[in-house]
Number of protein chains: 2
Amino acid sequence: MQKKTITLDHGSGGVASQELITSLMLNHLPDPRLHRLEDAALLPAQNGRLAFSTDSYVVDPIFFPGGNIGELAVNGTINDLAMQGASPLCLSLGLILEEGLPLDDLETIMAAIGACCEAAGVPVVTGDTKVVPRGKGDRIFINTSGIGVVADGVHIGTDRIREGDAILVSGPVGDHGLTILAAREGIDLGRELQSDTCALHRLVQDLLAEIPAGLHGLRDPTRGGLATTLAEMARAAGLGFEIREEDIPLQGVTRAGCELLGLDPLYLANEGKCILIVEAAAAEAAVVRLRAHTQGRQAACIGRVGGSSPGRVILRTRAGGSRLLEPLFGDPLPRIC
Amino acid sequence: MQKKTITLDHGSGGVASQELITSLMLNHLPDPRLHRLEDAALLPAQNGRLAFSTDSYVVDPIFFPGGNIGELAVNGTINDLAMQGASPLCLSLGLILEEGLPLDDLETIMAAIGACCEAAGVPVVTGDTKVVPRGKGDRIFINTSGIGVVADGVHIGTDRIREGDAILVSGPVGDHGLTILAAREGIDLGRELQSDTCALHRLVQDLLAEIPAGLHGLRDPTRGGLATTLAEMARAAGLGFEIREEDIPLQGVTRAGCELLGLDPLYLANEGKCILIVEAAAAEAAVVRLRAHTQGRQAACIGRVGGSSPGRVILRTRAGGSRLLEPLFGDPLPRIC
């Protein structure tokens with residue numbers, strides 16, 4: 001029996017589009033504002049500044065150990081909002097489907113999106129679906145945009161980073177990038193290796209409750225990994241960063257996989273981790289608070305702001321040497337998210 | 001000399017991405033919130049309900065008489081917000097670029113986006129750029145999402161449509177759809193034929209100032225055209241619509257082109273028109289007000305709500321007959337926006 005697939009009619013805006021949306025998509029996305037199927041959703045007035053973010057997801061493969069493109073799209077945009085200290089309010093969902101995409105695959109992805117939204121408490125309230133002919137896309141691309149609300153008194157930004165601040169990371173790095181690479185190349189690195197995709201907004205909100213003014217810098221090290229994100233933060237802050245290789249959390253399976261394939265885990269993407277720059281006095285309390293969360297179980301302090309190379313990141317190696325961590329130039333691993 | 005093109009490195013999130021963004025894109029998008037290059041933009045607190053909308057644009061060809069994919073993406077999302085009675089506040093911009101896209105083409109599109117945003121007074125405040133390998137996309141796909149603010153007292157929705165209301169359209173229909181079809185197929189229908197892409201938020205705001213409570217229904221007839229959008233509105237309202245063929249504005253060049261190609265202009269997409277359902281007593285004043293705008297010069301009353309077919313649209317033809325306007329099922333013309 002032939003599998004049902006996406007056809008160009010599904011992108012017409014006509015009855016076939018409506019049927020796809022109502023029969024397959026809305027099942028997984030219960031928000032009544034979305035079910036109105038108007039061109040825009042209406043939200044009640046909000047108290048506080050708004051955060052607004054967008055990301056397109058083109059990951060290849062679309063299914064991988066630990067998740068699929070749908071989970072990445074929900075968690076990624078939630079995290080972009082969370083990195084501004086915002087409480088995520090809602091998401092939009094824009095799908096670009098390639099003719100021939102099996103409806104079963106779309107259903108699996110929509111179910112993942114629905115489950116992630118429900119777990120995070122952040123609904124999809126507006127959406128759009130387009131279809132492109134076979135060979136003009138790659139199965140599915142997803143854009144999610146999101147709105148969040150930033151409470152008064154929260155001010156996170158590289159301009160607030162100060163000499164002496166502690167540099168924290170919320171958990172082991174490199175898992176997502178290595179998972180995608182292994183899945184794409186068909187390399188089996190063991191079942192423990194999987195994407196770290198998860199939403200970090202509750203962890204951040206909880207930390208802000210603990211140290212409202214002590215959280216200075218916050219970024220999620222996605223494309224380009226820990227090293228590139230730190231390099232961008234150091235440059236933007238105009239201050240030197242020093243980090244200690246031995247303190248950077250790394251899973252055994254990731255370390256072994258990277259050694260096997262000759263990859264540096266500090267440059268591999270993460271989809272459920274954040275870098276936190278906190279005032280020195282608050283560092284210990286911050287690590288304790290992070291470790292109380294599932295998503296922060298292995299949080300660690302990995303270094304400090306300061307040193308003789310303003311705008312640069314110095315890695316103190318296990319062997320006792322030191323090495324400049326340059327930002328990534330090009331793309332060793334395209335389509336990681 | 002070889003033309004410079006997009007490479008996979010431009011999507012890496014590393015230095016090559018940053019160079020593309022700062023050298024080519026930010027020139028055209030001056031908003032300082034975007035120039036911070038954080039993962040999300042921060043906006044001041046807003047008074048009023050929020051409208052939130054998203055749309056992906058996959059139009060083929062990307063350049064056509066009257067505009068390009070960039071203008072469609074800006075005006076389209078502004079219009080989706082405007083159709084809820086919102087004043088558009090800001091946009092996000094998500095680009096999916098295919099490896100090999102000439103940088104000159106990207107520059108032309110970015111310039112159009114910048115010019116449209118400036119003309120509309122609606123800035124891009126946050127963005128994202130991804131690159132997919134050659135053959136896995138089609139030059140450029142654009143997602144724009146937008147936030148608008150809805151003033152107190154504005155309530156537009158199909159549930160407010162009443163028996164006896166007048167049905168207005170803001171100008172001639174079918175131009176965008178016919179333009180894209182002709183451009184794609186290489187058919188020359190004359191220089192007067194071009195896309196109607198434009199932003200309608202000022203026209204709507206002006207009308208709301210004139211008849212704050214009299215505007216009941218508002219939609220832009222994009223994919224599926226006037227007929228499909230009216231059919232959706234009639235079904236949602238649970239009321240019959242009757243429209244008069246002779247009163248529907250149609251440019252001569254569009255009428256002639258449709259006759260030549262055997263197309264029905266009522267089913268062709270528009271990107272700068274709206275359908276307005278207003279209370280009967282306000283209809284005349286509304287048409288006068290619409291005609292005072294460049295975008296509403298040829299606005300007309302084309303019918304009324306009522307009749308013996310609840311949830312259906314009846315077209316009274318020029319010849320004196322009548323015809324049921326069914327919504328489009330599939331896609332006679334894919335990738336129109």
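**Exercise 1. Determine which residues of helix 9 in chain B are buried and whether they line one face of the helix or are scattered.**

*Solution.* The model is predicted.

Step 1. Helix 9 of chain B spans residues 283–291, and its buried residues are B:A283, B:A286, B:V287 and B:L290.

Step 2. Viewed down the axis of helix 9 of chain B, these buried residues fall within an arc of 100°, so they line one face of the helix.

Step 3. The face turned away from the buried side of helix 9 of chain B carries the exposed residues B:E284 and B:V288.

Step 4. The packing partners of the buried residues, in chain B, are strand 8 (166–169), helix 6 (201–210), strand 11 (275–278) and strand 12 (300–305).

**Exercise 2. Establish what relation connects chain B to chain A.**

*Solution.*

Step 1. A turn of 180° with a shift of 0.0 Å along the axis lays chain B on chain A with an RMSD of 0.0 Å. This is the relation of a two-fold axis.

Step 2. Within chain B, the residue that comes closest to the rotation axis is B:G137, whose C-alpha lies at 2.1 Å.

Step 3. Of the interface residues of chain B, 100% are also interface residues in chain A, so the copies meet through the same surface.

**Exercise 3. Describe the interface between chain B and chain A by its residues, its buried area and its polar pairs.**

*Solution.*

Step 1. Chain B gives 74 residues to the contact, and chain A gives 74 residues.

Step 2. The size of an interface is often expressed as the accessible area lost when the parts come together. Chain B and chain A bury about 6100 Å² between them, with 56% of it on carbon and sulfur atoms.

Step 3. Across the interface of chain B and chain A, 24 residue pairs are in polar contact, both residues being at pLDDT 80 or more. Elements that give two or more residues to the side of chain B that touches chain A include helix 1 (15–25), helix 3 (69–82), strand 6 (124–132) and helix 7 (225–237) of chain B.

Step 4. The count of salt bridges between chain B and chain A is four. The side chains of B:D55 and A:K130 form a salt bridge at 3.2 Å, N to O.

Step 5. The side chains of B:R223 and A:D128 also meet in a salt bridge, at 3.4 Å, N to O. B:R223 lies in the loop between strand 9 (215–219) and helix 7 of chain B, and A:D128 lies in strand 6 of chain A, so the pair joins two chains. Both B:R223 and A:D128 are buried.

**Exercise 4. Analyse the salt bridge of A:R289 and A:D206.**

*Solution.*

Step 1. The side chains of A:R289 and A:D206 meet at 2.9 Å, N to O.

Step 2. A:R289 belongs to helix 9 of chain A and A:D206 to helix 6 of chain A, so the pair ties together parts that are 83 residues apart in sequence.

Step 3. A:R289 is partly exposed at 26% relative accessible area, and A:D206 is partly exposed at 22%.

**Exercise 5. Characterise the setting of B:N79.**

*Solution.*

Step 1. B:N79 is located in helix 3 of chain B.

Step 2. The cut-off for buried is under 20% relative accessible area; B:N79, at 1% relative accessibility, therefore counts as buried.

Step 3. The side chain of B:N79 reaches the backbone oxygen of B:C198 at 2.9 Å.

Step 4. Leaving aside residues up to four places away in sequence, B:N79 touches B:C198, B:A199, B:L200, B:H201, B:D220, B:E271 and B:G272.

Key. Residues are numbered from 1 along each chain as its sequence is written. Chains are lettered from A and ligands numbered from 1 in the order in which they are written. This is a predicted model: local features need pLDDT of at least 70, side-chain atom pairs count only at pLDDT 80 or more; totals for chains, interfaces and linings use all residues. Side-chain values use heavy atoms; hydrogens and water are left out. Copies are superposed by least squares on the C-alpha atoms of residues with pLDDT of at least 70 in both. Contact means heavy atoms within 4.5 Å. Buried means under 20% relative accessible area, exposed over 50%, partly exposed in between (1.4 Å probe, protein chains only). Helices (H or I, at least four residues) and strands (E, at least two) are DSSP runs, numbered from the N terminus. The arc is that of the directions from the helix axis to the C-beta atoms. Buried area is the accessible area (1.4 Å probe) that two parts lose on being put together, summed over both. A polar contact is a pair of N or O atoms within 3.5 Å; within protein, one must be able to donate a hydrogen and the other to accept it, and residues adjacent in sequence count only if both atoms are side-chain atoms.
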